[in-house]
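The following paragraphs lead through the fold, one helix contact and a group of aromatic rings. Please keep the model in view while reading.

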Amino acid sequence: MLVQEGYDALSVDAVAERAGVHRTTVYRRWRDVGGLLADVLDAAGSDAWRPPDTGTLEGDLVAVNAELEAGLTDQPVTAALIAASFRSPEAAAALQRFWDDRYTRCAVVVERAVARGEASEGTCARRVLVAATAPVYQQILLMRDRSDPLLAEQAARGVALAAAHGVFVGGQQE
């Protein structure tokens, strides 16, 4: 419903109607749409996903970006949930929990790179991951454009090269 009709059309009453249940059934669980979206986002973070291990930092970042690109384009609900989180403090907090979890899970990509000598000790995993994935988010979510099929791969490769030269040493370690 969020994807088809947008956030403004989403209400607890509309969700109840679409689900074929009485509105009090939905209101008992969620007092508003923000709570419903927060639960959806929290559920998305309770999966068993782990970042790929290709054997190189560049390969891992390329694989993460490929998964990200697929998630944002093949599953339109992902982009819709991200956009909706800007409209609800509860959903925004849930999305922040989701990001924190994903960055924590992905830190192993940089830890493996440091262990292999591909990145310097003290490389900030979060900065590496943000730098690698930001162009994908920019292109798909902000510009609503998929016309550059090489962007995700090139961004990952550039960040791997920068990490090899110590660009991401220091900063927030997560």
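The chain has 9 helices and 0 strands, where helices (H or I, at least four residues) and strands (E, at least two) are DSSP runs numbered from the N terminus. Read from the N terminus, the order of elements is therefore α-α-α-α-α-α-α-α-α. This is a predicted model, in which local features need pLDDT of at least 70 and side-chain atom pairs count only at pLDDT 80 or more, whereas totals for chains, interfaces and linings use all residues. Residues are numbered from 1 along each chain as its sequence is written, and side-chain values use heavy atoms, with hydrogens and water left out.

Taken along the principal axes, the box filled by the C-alpha atoms of the chain is roughly 60 × 30 × 25 Å. Of the 174 residues, 40% count as buried, that is, under 20% relative accessible area (exposed is over 50%, partly exposed in between; 1.4 Å probe, protein chains only). Among contacts in the chain with a separation of 6 or more, 68% are accounted for by residues 24 or more positions apart; contact means heavy atoms within 4.5 Å.

One helix contact can be followed in detail. The axes of α5 (residues 57-74) and α7 (residues 89-116) come within 9 Å and cross at roughly 165°; axes are lines fitted to C-alpha atoms, for helices over the stretch in contact, and angles run from 0 to 180 degrees between N-to-C directions. That crossing makes α5 roughly antiparallel to α7, a term for angles over 145 degrees. From α5, Leu57, Asp60 and Leu61 meet Val109, Arg112, Ala113 and Arg116 of α7. The residues of this contact divide into 4 nonpolar, no polar and 3 charged; Ala, Val, Leu, Ile, Met, Phe, Trp, Tyr, Cys and Pro count as nonpolar, Asp, Glu, Lys and Arg as charged, and the others, Gly among them, as polar.

Helix α7 also contributes to an aromatic pair. Rings of Phe, Tyr and Trp (its six-membered ring) pair if their centres lie within 6.5 Å, and planes under 30 degrees apart count as stacked, over 60 as edge-to-face and the rest as tilted. The count comes to 2 aromatic pairs. Phe98 and Trp99 form an edge-to-face pair, 5.5 Å centre to centre with 65° between the planes. Phe98 is buried, because its relative accessible area is 16%. The ring centres of Trp99 and Tyr137 are 5.5 Å apart and their planes stand at 80°, so this pair is edge-to-face. Trp99 lies in α7 and Tyr137 in α8 (residues 125-142), so the pair ties together parts 38 residues apart in sequence. Ring pairs thus link Phe98, Trp99 and Tyr137 into a cluster.

How values were computed. Parallel < 35°, antiparallel > 145°, perpendicular 65-115°, else oblique.
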